[in-house]
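Visitor: I should like to learn how a hydrophobic core is read from a model. Please take me through one example.

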Amino acid sequence: MKVIIVTHGPLARAFVESAKLILGDTVDSYVDIIDFYPYDSMETIKEKIRFQIELLDNRENNVVVLTDLKGGTPFNAAVSLLQDYKFYLIAGINLPMLLEILLTSSEELDSKIIQKIVEIARENITVMYLG
């Protein structure tokens, strides 16, 4: 399995570094990072994502693309590639989501598991208020 994280600025890098603190350096072998900056165009990001996907054998649905913001340029670039490639696209990355994906084997990865991972990510968003 391969995870491609596409975010605004260096956020993807921070997620990977945090995951490595918990899971170790093996995270690097599963994750590719694509940073989006103001000087990048939609086409530039789209081609970077396409390049990473084409490096992989994605016929087995073993590629997951994570973006930070639904409707943002990284997300829109990835959406535009769904017609040509088989991969899972999830917007709204958080650390629990990334960890769950990395702890899932390629053989287990299917749409039901992806939905479960998204639920786990949502459950980890909590408001605590003392007042």
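Guide: The discussion below turns to the nonpolar core and one helix. This is a predicted model, in which local features need pLDDT of at least 70, side-chain atom pairs count only at pLDDT 80 or more, and totals for chains, interfaces and linings use all residues. Residues are numbered from 1 along each chain as its sequence is written, and side-chain values use heavy atoms, with hydrogens and water left out.

Visitor: Which residues of the largest nonpolar core touch the most other members?

Guide: In soluble globular proteins, nonpolar side chains tend to be buried together. A nonpolar core is a set of buried Ala, Val, Leu, Ile, Met, Phe, Trp, Tyr and Cys residues joined through side-chain atoms within 4.5 Å; buried means under 20% relative accessible area, with a 1.4 Å probe and protein chains only. Here the largest core has 24 residues, and I5, V64, L66, L98 and I101 touch the most other members. Helix α4 gives the most to this core, with five residues; helices are DSSP runs of H or I, at least four residues, and strands are runs of E, at least two, numbered from the N terminus.

Visitor: What is in contact with L66, leaving aside its neighbours within four places in sequence?

Guide: Contact means heavy atoms within 4.5 Å. On that basis L66 meets V3, I4, I5, V6, I90, I93, M97, L98 and I101.

Visitor: Which residues of α4 are buried?

Guide: In α4 (residues 95–102), they are M97, L98, L99, I101 and L102. These buried residues pack against β1, α1, β2, β3, β4 and α5.

How values were computed
Buried means under 20% relative accessible area, exposed over 50%, partly exposed in between (1.4 Å probe, protein chains only).
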